[in-house]
Every structure is written in C-alpha cells, then in structure tokens.
Amino acid sequence: MDKKINYDDFGLYEGISETIVTTNRGWTANAAPMGIIRKKDKLFVRMFKGSNTYNNVLSEKSLVVNITLDPLVIVNSTFTDLEDSDFENVNLRGRNFTALKKAQCWIAFDCTNTKITSEALVTELVPVGTRMNKIMIRAPNRGLFGVIEACIHATRYKLTCDDKYIKLIKAYGDIVDKCGGENEKEAMKLLYGYL
C-alpha cells in the first residue's frame, strides 16, 4: 500500500484484537475467528495446523482481517461454514481477496516472514488494501465480550473435551444473560447448540 494505515482507525490496538479472518483458495471462501497481534505498528497472526485458514494462508499467502461486532457472525464462523452470500470478492492490485459483506471494516494483507512450527504458523501481515464500511462507534457491551470468550473456550473444549471449559462457557453465558442484548443472547443459544 502506498499510504500508511492507522490501525487504530480500524480498531486494531496494541495486544490481541479478536477479528474474523477470511481466506480463499480457488473458489472456496473460509471465515474463522482469529486474534490479530499488534506490536507497535506491526501486525501478526498465529494459526494452528490443520485448519482451512492455515492451509489457505500457506497456499495463497494472503488473508483479510474483518472487524465485526456481530455476535452471530462470530459464533457461526467459529462452528460452521458461512454462506456464500456472506462473502464478497474484492480485486486489489489485480488479485482477488474475500471479505465479509457485513464487516464494519476490513484490511487485506499479504502474509510475509512466515515461521512454521510443528503446531502452528506465525506470519507478519503487510497491508494491501482497506475498506471502511461503517463507523465503529459503540460502547463496550460485556455480553459481546462474553460471547467472544465463550467461543474461545468452546474451541478449546472441542479439542480437549476438558470439562473446565464447559464451566467457563457457562460463566460467560451468565454474563451474556445479564449484560447482553438480543443478538448476544441468540449467539449464546447457537453456541450451546454447536456443543
């Protein structure tokens, strides 16, 4: 990209920001929740071996980071494949990228300086293009964060079958019941259904 991106404008602050990463290999779009790591003005992502996102990034060496506050998209992309109608194809510099139509904003990245271990890969993200669909002004809702945390623990439960994650999911479910709106409560119902 010719112009430097202010990652703060996209809600990507120092630390780990929860996003939905979209990739595409051939004609098959994929979406998965993923934490984007920001250290000063550099972004990285760590993904575990065996996922569609991992395989797509190894093949295509690119991805799109989508910022969304929609708890239903977060849960559905964690446990199932999104519909083709949820995606849009975008041409940037003669290359095709796949983004979420309903994302508040997104940034397309090339994946560089990739390091692969026996369990995961870590890659640096270099911006290719952006789109700001909606201004993201919203006061934090503990219910939304509860859904995000419950999704993280649910994926760990699916991998390990350790009941400690069920207890954590239920604790975050209680926060959603207390603090969340209709969308957050619907998202928790979906999450429980996937378990």
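## Salt bridges, a pocket and a cavity

N24 is found in strand β1. The model is a predicted one, and N24 is a convenient place to enter it.

### Around N24

Is N24 buried or exposed? Its relative accessibility is 18%, so N24 counts as buried, because the cut-off for buried is under 20%. Two polar links start from its side chain. One runs to a backbone atom: the N24 side chain reaches the nitrogen of T28 at 3.3 Å. The other joins two side chains, with N24 and T98 in polar contact at 2.8 Å.

Which residues does N24 touch beyond its neighbours within four places in sequence? They are A29, N56, E60, N89 and T98. T98 thus appears both in this contact list and as a polar partner of the N24 side chain.

### Salt bridges

Side chains of opposite charge can pair when their charged atoms come close. How many salt bridges does the model hold? The count is six. Three of the pairs are described here.

| Pair | Closest N to O distance |
|---|---|
| R38 and D8 | 2.6 Å |
| R131 and E88 | 2.9 Å |
| D110 and R95 | 2.5 Å |

Take R38 and D8, whose side chains meet in a salt bridge. The two sit in distant parts of the chain, 30 residues apart. R38 belongs to strand β2, residues 28-39. D8 lies in the segment before β1, which spans residues 15-25. R38 is buried, at 9% relative accessible area. D8 is partly exposed, at 32%.

This pair is also part of something wider. Which residues share a network of salt bridges with R38 and D8? K4 and D41 do, and the four are linked in that network.

R131 and E88 form another salt bridge. R131 lies in strand β8 (residues 120-132) and E88 in strand β5 (residues 87-92), so this pair ties together parts that are 43 residues apart in sequence. R131 is partly exposed, with a relative accessible area of 31%. E88 is buried, at 18%.

D110 and R95 make a salt bridge as well. D110 is in strand β7 (residues 105-116) and R95 in strand β6 (residues 95-100), so the pair joins parts 15 residues apart in sequence. Is D110 buried or partly exposed? At 21% relative accessibility, D110 counts as partly exposed, because buried means under 20%. R95 is partly exposed too, with a value of 30%.

### The largest pocket

Rolling a probe the size of a water molecule over the atoms shows where empty space is left. The largest pocket has a volume of about 1600 Å³. It is lined by 50 residues, and those closest to its centre are E18, P33, M34, G35 and I152.

Which elements each supply at least two residues of this lining? They are the strands β1, β2 and β3 (42-48), together with the helices α1 (52-60), α2 (71-79) and α3 (142-160). Helix α3 gives the largest share, nine residues. By class, the pocket lining has 27 nonpolar residues, 14 polar and nine charged.

### The cavity

How many cavities of 30 Å³ or more does a search of the whole structure find? The search finds one. The volume of the largest cavity is about 40 Å³.

Its lining is made by A29, N30, A31, T80, D81, L82 and F87. Strand β2 gives the most to this lining, with three residues. Four of the lining residues are nonpolar, two are polar and one is charged. A29 links back to the opening section: this residue lines the largest cavity and is in contact with N24.

### L159 in helix α3

Helix α3, already met in the lining of the largest pocket, also holds L159. Is L159 buried or exposed? L159 is exposed, with a relative accessible area of 75%. Set beside S59, L159 is 100 residues away in sequence. In space the two are 25 Å apart, C-alpha to C-alpha.

Methods. Residues are numbered from 1 along each chain as its sequence is written. This is a predicted model: local features need pLDDT of at least 70, side-chain atom pairs count only at pLDDT 80 or more; totals for chains, interfaces and linings use all residues. Side-chain values use heavy atoms; hydrogens and water are left out. Helices (H or I, at least four residues) and strands (E, at least two) are DSSP runs, numbered from the N terminus. Buried means under 20% relative accessible area, exposed over 50%, partly exposed in between (1.4 Å probe, protein chains only). On a 1 Å grid over the protein atoms alone, a cavity is a set of points where a 1.4 Å probe fits but cannot get out, and a pocket is an open set with protein on both sides within 12 Å along at least five of seven lines; lining residues have an atom within 4 Å of a point. Grid points are joined across faces, edges and corners, and a volume is the space filled by probe spheres set on the points. Ala, Val, Leu, Ile, Met, Phe, Trp, Tyr, Cys and Pro count as nonpolar, Asp, Glu, Lys and Arg as charged, and the others, Gly among them, as polar. A polar contact is a pair of N or O atoms within 3.5 Å; within protein, one must be able to donate a hydrogen and the other to accept it, and residues adjacent in sequence count only if both atoms are side-chain atoms. Contact means heavy atoms within 4.5 Å.
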